[in-house]
Amino acid sequence: MTTAPAIATPHGTIAIRSENLCRHYRMGDTLIRAVDGVSLHVGGGEFVALLGSSGSGKSSVLNLIAGLDRPTSGSVVVQDRDLAKLSREELAKYRLHVVGMVFQSFNLISSMTLAENVELPLLFAEVDRTQRQTMAREALDRVGLRARMNHRPSELSGGEQQRAALARALINRPKLLLADEPTGNLDSHTGTEIMNMVREFNRDLGMTVVMVTHERTLAERYAQRLIFLADGKVIDDRLNAAAGGQEDQP
Ligand SMILES: Nc1ncnc2c1ncn2[C@@H]1O[C@H](COP(=O)(O)OP(=O)(O)OP(=O)(O)O)[C@@H](O)[C@H]1O
Ligand SMILES: [Mg+2]
């Protein structure tokens, strides 16, 4: 078991604390240790990158933090909620109110307009229609897509779809933004644009960000801290003094 390093956090609070977190899969006779004893602390308002090669367990860790999956053993506590102890309903509420998630494949619903896609989390939260529309417009404004709100995802570029996915993740004003390879399908110009937005949310809204990526240069430019995974374990966890202070040019 590894112990998490003591870290100074901008807001003095711990947003995420995992202790010896494990997610093992049994496939016939073999046991796949996707996550194998991960202990880490992420401070409120931190911008952390989760790095590692393919299959190292990055998405598995993110899904556990998001409450989309449950640990085999160990614990993960987010904003003082021990996720393993939450009922299905409580977990659904947690996902709705605390977490914003961006997936590598945008996961937008093709039959719905951008505005409808972005409103979706609010629909589940039973927010009334007028308020949903106002908040969707605001969220789309933030990512520069208000003019496209009545378009369907197929009418947009990859970068625009990812911005819409970002708007959807933000609509509940989550405390925690979890992003799995948010720039994975994008060219470097568009990827930089997305990263500048994520950094703006981190700074201006005080949102804690955990971003999975295998692009080390991107992580070094944006994240305050770099956590490296290999074979389901944390192999390095260090502050990144090099994270840029200025707006990067796309
Ligand atoms: N549902 C599952 N059943 C069995 N094995 C799984 C399952 N999900 C993930 N794994 C295995 O767990 C390991 C970690 O997978 P994970 O998706 O977390 O990796 P990753 O670091 O996100 O990789 P990538 O960079 O390719 O997205 C891999 O060996 C994968 O095959
Ligand atoms: Mg992955």
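This is a short tour of a predicted model, with stops at a ligand, two helix pairs and one strand residue.

**Stop 1: the ligand**

Select ligand 1 and show what is around it. You should find 13 residues surrounding ligand 1, and the closest are Ala34, Ser54, Lys58, Ser59 and Ser60. Now colour by secondary structure: β1 (14-27), β2 (30-43) and α1 (58-66) are the elements that each give two or more residues to this shell. Which of them gives the largest share of the shell? That's α1, with 3 residues. If you switch to colouring by residue class, the shell around ligand 1 shows 8 polar residues, 4 nonpolar ones and 1 charged one.

**Stop 2: helices α3 and α4**

Next, select residues 114-124 for α3 and residues 129-142 for α4. Their axes sit 9 Å apart, and the two helices pack at an angle of about 120°. Because of that angle, α3 counts as oblique to α4. The crossing of α3 past α4 is right-handed.

Turn on side chains to see who meets whom. From α3 you want Leu114, Ala115, Val118, Glu119, Leu122 and Leu123, and from α4 Arg132, Met135, Ala136, Ala139 and Leu140. Colour this contact by class and you get 9 nonpolar residues, 2 charged ones and no polar ones.

**Stop 3: helices α5 and α6**

Move along to α5 (residues 158-170) and α6 (residues 188-204). Here the packing angle is about 15°, and the axes are 10 Å apart. So are these two roughly parallel or oblique? With that angle, α5 is roughly parallel to α6. Again the crossing to look for is right-handed, with α5 passing α6.

For the contact itself, pick Gly159, Gln162, Arg163, Leu166 and Leu170 in α5, then Thr190, Glu193, Ile194, Met197 and Phe201 in α6. By class, this contact of α5 with α6 is made of 5 nonpolar, 3 polar and 2 charged residues.

**Stop 4: Phe228**

Last, centre on Phe228, which you'll find in strand β9 (residues 225-230). Is Phe228 buried or partly exposed? Phe228 has 19 C-beta neighbours inside 10 Å, so it counts as partly exposed; the cut-off for buried is 20 or more.

Setting aside residues within four places in sequence, the contacts of Phe228 are Leu51, Gly52, Ile235 and Asp236. To finish, draw a distance from the C-alpha of Phe228 to that of Glu19: these residues are 209 apart along the chain, and the atoms are separated by 16 Å.

Technical notes:
Residues are numbered from 1 along each chain as its sequence is written. Chains are lettered from A and ligands numbered from 1 in the order in which they are written. This is a predicted model: local features need pLDDT of at least 70, side-chain atom pairs count only at pLDDT 80 or more; totals for chains, interfaces and linings use all residues. A residue is near a molecule or strand if its C-beta atom, placed from the backbone, lies within 6 Å of it. Helices (H or I, at least four residues) and strands (E, at least two) are DSSP runs, numbered from the N terminus. Ala, Val, Leu, Ile, Met, Phe, Trp, Tyr, Cys and Pro count as nonpolar, Asp, Glu, Lys and Arg as charged, and the others, Gly among them, as polar. Axes are lines fitted to C-alpha atoms, for helices over the stretch in contact, and angles run from 0 to 180 degrees between N-to-C directions. Angles under 35 degrees count as roughly parallel, over 145 as roughly antiparallel, 65 to 115 as roughly perpendicular and the rest as oblique. A crossing is left-handed if the near helix is turned anticlockwise from the far one by less than a right angle, and right-handed if clockwise. Two residues are in contact if their C-beta atoms, placed from the backbone, lie within 7 Å. A residue is buried if 20 or more other C-beta atoms lie within 10 Å of its own, exposed if 12 or fewer, and partly exposed in between; C-beta atoms are placed from the backbone.
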